[in-house]
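Work through the exercises below with the sequence and the structure side by side. Each task is followed by a solution in steps.

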Amino acid sequence: MVVKVEKITPRKSIPATDEVISEEMDMIKKKYLRGEGADLKALKDKKLQGQLAVKEELYGKSAAAAAKAEKWLMPSEGGYLEGDGIEKTWRIKQDAIASEVDILSSRKQFDIVLPDFGPYTLEFTPSGRYMAAAGRKGHLAIVDMINMNAIKELQVRETVRDVVFLHNELFFAAAQKKYSYIYSRDGTELHCLKEHGAVLKLQFLRNHFLLASINKFGQLHYQDVTTGQMVANLRTGLGRTDVMQVNPFNSVVAVGHSGGTLSMWKPTSAAPLVKMLCHPGPVTALAFHPNGHLMATAGMERKIKIWDLRKFEVLQTLPSHCKALDFSQKGLLATATGSFVQVFGDLSGSQNYSRYMTHSVAKGYQVKKVAFRPYEDVLGIGHSMGWSSILIPGSGEPNFDSWVANPFETSKQRREKEVRSLLDKLPPETIMLDPTKIGSVIPARKKEHPTKEDREAEMEAAIEAAKSIPMKKKTKGRSKPSKIAKKKQEAVEKAKKPFMEQHTKKRKLTEETQLPKSLERFVRKKAAA
């Protein structure tokens, strides 16, 4: 008896981890798909059915690629504070947050007390790795925020009003008592910018390599830091101010003035691009959303206004006195007055800001500057006794793009990035309110035909001008009233003539076009020239 034994091949089982990953990918892919696909079987047109099938396949491929990029290139997820039940998030203190986060995050919460050199202003690099701190009484410091090491400290022994990084952390500019100076990271003085005068506020336009400043006489200067050329010297004509900010979307510089007006400037125009009345009193602070479409302004009347720059309309008014403003990468708005800091958030995505977090520094400290640290849930506070750092969950972008800003870049990567950014440097002429118009073709304008009322008004104005022409007095009976009246009548007829000719031409054209085809052969033909 022969028994056949069949060879059983074991089935390959998919590991549980692969199944979980595939499920996650499907969930992420649904987020990028444009709804459910169309029912192509119901279509009778085969050609249209094939075209739509190709498009649906492309949509699926793009959604899969986006899901794959999010899964592997964006491992971290952002999140906000959430209260239990009726608990308010703005009642949660920094001590409670520090006790719940990991050790690395808790180290980002600290206070540096330097009572002899304040008040301090702060500036972060785009990667968030380095911070520049400038004390009013001459103290300048560059700090590595990851290792918490002071790279360089120097005392310039005169008033320092503002500090700003240039294209990378190797160079920074400081607005001092009489002139502005450019320093290297080692503390070496490289340039003295005498043409800027006594500067109150500095800003750097990264895509254009322009250093913008406004001095105590209300003069706005633009200087190219690559060539040293002074690109523009503009007079605002609205007095002294230290409220200035650059829109990250279009590189337009906005300046707030003591009369409550806000003006927007570009280096190639002597007149402001926009001049708007924001507050009835002086503008005390100004900030732009990272997308460039929202702007926050604060005035002395104890109000903060959120503006939509696409329509130049007020979206929301918040009742709060404010001396400093700043938007985070995720759109949180930090405000400060006295020793009190508030953070407003648009958590619903409806551009309706509400109170998210609050923090009080030590009593008696006067906050001068608030600045969110990029790619970290951290808010830097510069005050009269030094500077502080607090945790604001959800404020920073959780994933960084190493091509845009890399906190861990090496010296070789920094050099390559510097060369690449110099090659991609934009000329000052590209600064405009709507940068999407660059490269577009201006459409040909259609000639607007004047209406009947406009033609009549023009003819009446021409007749009045003809009647008001003074007549010369002549001898030997030439200045008789009858002759003067005749001359005036001739002038009136001469003024009417072009309007009457246009009217008759139009009438003839309409008559010609209104004739039916059966009668067109009876129309008198024009004699050949």
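**Exercise 1. Classify Glu313 and describe its salt bridge.**

Step 1. The model is a predicted one. In it, Glu313 has a relative accessibility of 41% and counts as partly exposed, because that class lies between the limits of 20% and 50%.

Step 2. The side chain of Glu313 meets that of Lys311 in a salt bridge, with 3.9 Å from N to O. This distance falls within the 4 Å cut-off for a salt bridge.

Step 3. Lys311 has a relative accessible area of 51%, and is therefore exposed. The pair thus joins an exposed lysine to a partly exposed glutamate.

**Exercise 2. State how many salt bridges the model holds, then describe the one between Glu57 and Lys61.**

Step 1. The count comes to 9 salt bridges. As background, side chains of opposite charge can pair when their charged atoms come close.

Step 2. In the bridge between Glu57 and Lys61, the closest N and O atoms are 3.7 Å apart.

Step 3. Both residues belong to helix 2 (residues 46–73); because they are 4 residues apart there, about one helical turn separates them.

Step 4. Glu57 is partly exposed, at a relative accessible area of 47%, whereas Lys61 is exposed, at 53%.

**Exercise 3. Find where the partners Asp224 and Lys425 lie in the chain, and how accessible each one is.**

Step 1. Asp224 and Lys425 form a salt bridge whose closest N and O atoms are 2.6 Å apart.

Step 2. This pair links distant parts of the chain, as the two residues are 201 residues apart. Asp224 sits in strand 12 (residues 219–224), and Lys425 in the loop between helix 5 and helix 6.

Step 3. Asp224 is buried, with a relative accessible area of 9%. Lys425 is partly exposed, with 26%.

**Exercise 4. Identify the residues of a negative patch that includes Glu453, and place Glu453 itself.**

Step 1. On the surface, Glu453, Asp454, Glu456, Glu458, Glu460 and Glu464 gather in a patch of negative charge.

Step 2. Glu453 is part of helix 6, which covers residues 452–467.

Step 3. Its relative accessibility is 56%, so Glu453 counts as exposed.

**Exercise 5. Describe the nonpolar surface patch that contains Phe400.**

Step 1. Phe400 joins Ile146 and Phe408 in this patch, and together they have about 280 Å² of accessible area.

Step 2. The loop between strand 28 (386–391) and helix 5 (411–423) holds Phe400.

Step 3. With a relative accessible area of 35%, Phe400 is partly exposed.

**Exercise 6. Locate Asn291 and compare its separation from Lys330 in sequence and in space.**

Step 1. Asn291 is found in the loop between strand 18 (283–288) and strand 19 (294–299).

Step 2. Along the sequence, Asn291 and Lys330 are 39 residues apart; in space, their C-alpha atoms are 9.8 Å apart.

Step 3. Asn291 is partly exposed, at a relative accessible area of 33%.

**Exercise 7. Give the number of disulfides, and decide whether Cys192 and Cys322 are buried or partly exposed.**

Step 1. A disulfide is a covalent bond between the sulfur atoms of two cysteines. The count for this model is 0 disulfides.

Step 2. Cys192 is partly exposed, with a relative accessible area of 30%.

Step 3. Cys322 is buried, with a relative accessible area of 0%.

Technical notes. Residues are numbered from 1 along each chain as its sequence is written. This is a predicted model: local features need pLDDT of at least 70, side-chain atom pairs count only at pLDDT 80 or more; totals for chains, interfaces and linings use all residues. Side-chain values use heavy atoms; hydrogens and water are left out. A disulfide is a pair of cysteine sulfur atoms within 2.5 Å. Buried means under 20% relative accessible area, exposed over 50%, partly exposed in between (1.4 Å probe, protein chains only). Patches are made of residues with over 30% relative accessible area and no salt bridge: like charges are joined within 9 Å, nonpolar side chains (Val, Leu, Ile, Met, Phe, Trp, Tyr) within 5 Å. Accessible areas come from the Shrake-Rupley method with a 1.4 Å probe; for residues, only the protein chains shown count as cover. Lys and Arg count as positive and Asp and Glu as negative; His and the chain ends are not counted. The place of a charge is taken as NZ of Lys, CZ of Arg, CG of Asp or CD of Glu.
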